[in-house]
Amino acid sequence: PHRTLAMRLNRRNQHPNPEMTDVSVQYFEAGERHDFELYFTHPAGFLLFVYAFLHCQHRYLCVNAAERDLIMDSASGLIEVRTDEEWHMQKLRIHFDVQSSNAVATADDAAYIIDRMQHCPVSVNIRDIPDTEVSVDFG
């Protein structure tokens, strides 16, 4: 048997200050969506790990988009993880939809940002996942 976990992060900037954001995170379990709040007594340690991965990818997305002068109005990210019965990750999918009102991202911008996302500290430490895909769509 395998396990499948999914988590969604939604970020909306508060203009005019792009540093001030509203961020919400939900996880999906048995077809139901639950709000995810970080606290030390959370019962699902692996869920915390998945959140760390999603957060790291999101942070590197934001930083590298800013390097390319893309001010994000909003971003929605989804991570899907499939593990084997011993919790070894077998499949990883990360996708972000980004809205930017100040510029249009080029294919070169997107490729650069996705490449840089692979350098987040969590990604660097789990490179051996057999089936991995990271994508970003800019609207």
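## Charges and surface

Start with the charges: in this predicted model, the protein chain carries 12 positive and 21 negative side chains. The centres of those two sets lie 0 Å apart, so the cut by sign gives no offset between them.

As for the surface, the accessible area of the protein chain comes to about 8200 Å². Carbon and sulfur atoms account for 51% of that area.

## Fold and overall shape

The protein chain is built from three helices and six strands. Going along the sequence, you meet them in the order β-β-β-α-β-β-α-α-β.

How does the chain compare with a compact globule? For 139 residues, such a globule would have a radius of gyration near 14 Å, and the protein chain comes in at 15 Å, so the two agree. Along the principal axes, the C-alpha trace spans about 45 × 30 × 25 Å.

Inside, 37% of the 139 residues count as buried. If you take contacts between residues at least 6 apart in sequence, 63% of them join residues at least 24 apart.

## The disulfide

There's one disulfide in the structure. It pairs Cys56 with Cys120, with the sulfur atoms 2.5 Å apart. The link is right-handed, with 140° about the S-S bond.

Which parts of the chain does the pair tie together? Distant ones: Cys56 sits in helix α1 (residues 45-67), while Cys120 is in the loop between α2 (107-117) and α3 (121-124). The two cysteines are 64 residues apart, and both Cys56 and Cys120 are buried.

## The cysteine left out

Cys62 takes part in no disulfide. The nearest cysteine sulfur belongs to Cys56 and is 11 Å away. Is Cys62 buried or exposed? Its relative accessibility is 9%, and because the cut-off for buried is under 20%, Cys62 counts as buried.

## Tyr60 and its neighbours

Tyr60 is another residue of helix α1. With 25% relative accessibility, Tyr60 counts as partly exposed, because that class runs between the 20% and 50% cut-offs.

What does Tyr60 touch, leaving aside residues up to four places away in sequence? The list is Arg116, Met117, His119, Cys120 and Pro121. So one of the contacts of Tyr60 is Cys120, the disulfide partner of Cys56. Another is Arg116, which is 56 residues from Tyr60 in sequence and 6.9 Å from it in space, C-alpha to C-alpha.

Key
Residues numbered from 1 in each chain as written. Predicted model: local features only at pLDDT ≥ 70, side-chain atom pairs only at ≥ 80, totals over all residues. Heavy atoms only, no water. Helix = DSSP H or I, 4+ residues; strand = E, 2+ residues; numbered from the N terminus. Rg over C-alpha atoms; globule rule 2.2 N^0.38 Å. Buried < 20%, exposed > 50% of the residue type's maximum accessible area, 1.4 Å probe, protein only. Contact = heavy atoms within 4.5 Å. Areas by Shrake-Rupley, 256 points an atom, 1.4 Å probe, with all protein chains shown as cover. Charge placed at Lys NZ, Arg CZ, Asp CG, Glu CD. Disulfide = S-S within 2.5 Å.
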